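Got a minute to walk through a protein model together? Take a look at it first, and then we'll talk.

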Amino acid sequence: MTTLNAHIENLYDNVTLMDGIDALLKRLSSMNIPVGLATASRAKWVLPVLDRHGIHHHFQAASTMDDVVKSKPDPEVYLRTARELHVDPHLCVALEDSTF
């Protein structure tokens, strides 16, 4: 399992941002639109990526697989993030980075 964890951490060390995400986050912030992160990844992997790319401050809430019982595609992680943002889930938009 240690080798698998090392491999996963190496993958996260090499994550690049999607084109336009930095500009989008800045624009949403300038419009005072709350932004949350709902991910099926572990906090120890994904939060350092946000820090490394200097975008962590754009997220007012973050939920990871460590925070929920059921992972995606179950909506629990999205609902938890909406709750942290104090936003009705029906008024939320999810942007995904996966093609699956």
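What follows is a chat between a visitor and a guide about this predicted model.

Visitor: In what order do the elements run from the N terminus on?

Guide: This is a predicted model, so keep that in mind as we go. There are four helices and two strands to place. Reading from the N terminus on, you get α-α-β-α-β-α.

Visitor: What radius of gyration does the protein have, and what would a compact globule have?

Guide: The C-alpha trace spans about 40 × 30 × 25 Å along its principal axes. For 100 residues, a compact globule would come out near 13 Å. The protein agrees with that, since its own radius of gyration is 14 Å.

Visitor: Which share of the contacts between residues at least 6 apart in sequence joins residues at least 24 apart?

Guide: A contact here means heavy atoms within 4.5 Å. Take the contacts between residues at least 6 apart in sequence, and ask which of them join residues at least 24 apart. That share is 58%.

Visitor: How far apart are the centres of the positive and negative side chains?

Guide: Count the charges first: there are 9 positive and 13 negative side chains. Each set has its own centre, and the two centres lie apart by 2 Å.

Visitor: Which strands do the buried residues of α4 pack against?

Guide: Helix α4 covers residues 76-85, and its buried residues are Val-77, Thr-81, Ala-82 and Leu-85. Looking down the axis of α4, these residues fall within an arc of 135 degrees, so they line one face of the helix. The buried residues of α4 pack against β1 (36-38) and β2 (61-63).

Visitor: Is Ser-41 buried or exposed?

Guide: You'll find Ser-41 in the loop between β1 and α3 (43-52). Beyond its neighbours within four places in sequence, Ser-41 is in contact with Tyr-12, Val-46, Thr-64 and Met-65. The cut-off for buried is under 20% relative accessible area. Ser-41 has 14% relative accessibility, so the call is buried.

Visitor: How far apart in space are Leu-11 and Arg-83, C-alpha to C-alpha?

Guide: Leu-11 sits in helix α1 (residues 2-13), and Leu-11 is partly exposed at a relative accessible area of 49%. Along the sequence, Leu-11 and Arg-83 are 72 residues apart. In space, C-alpha to C-alpha, the pair is separated by 30 Å.

Visitor: Which residues does the cis peptide bond join?

Guide: Head for the loop between β2 and α4, which is where Pro-73 lies. The peptide bond there has an omega of about 15 degrees, which makes it cis. The two residues joined by this bond are Lys-72 and Pro-73.

Visitor: Is Asn-32 buried or exposed?

Guide: Asn-32 is in the loop between α2 (21-30) and β1. Its phi is positive, about 55 degrees, although Asn-32 is not a glycine. Over 50% relative accessible area counts as exposed. With 69% relative accessibility, Asn-32 is exposed.

Visitor: Which residue follows α4, and what is its phi?

Guide: Go to the segment after α4, where you meet His-86. The relative accessible area of His-86 is 75%, so this residue is exposed. His-86 is not a glycine, and yet its phi is positive. So the residue and value you asked for are His-86 and a phi near 60 degrees.

Technical notes: Residues numbered from 1 in each chain as written. Predicted model: local features only at pLDDT ≥ 70, side-chain atom pairs only at ≥ 80, totals over all residues. Heavy atoms only, no water. Rg over C-alpha atoms; globule rule 2.2 N^0.38 Å. Lys, Arg positive; Asp, Glu negative; His and termini not counted. Charge placed at Lys NZ, Arg CZ, Asp CG, Glu CD. Buried < 20%, exposed > 50% of the residue type's maximum accessible area, 1.4 Å probe, protein only. Arc of directions from axis to C-beta.
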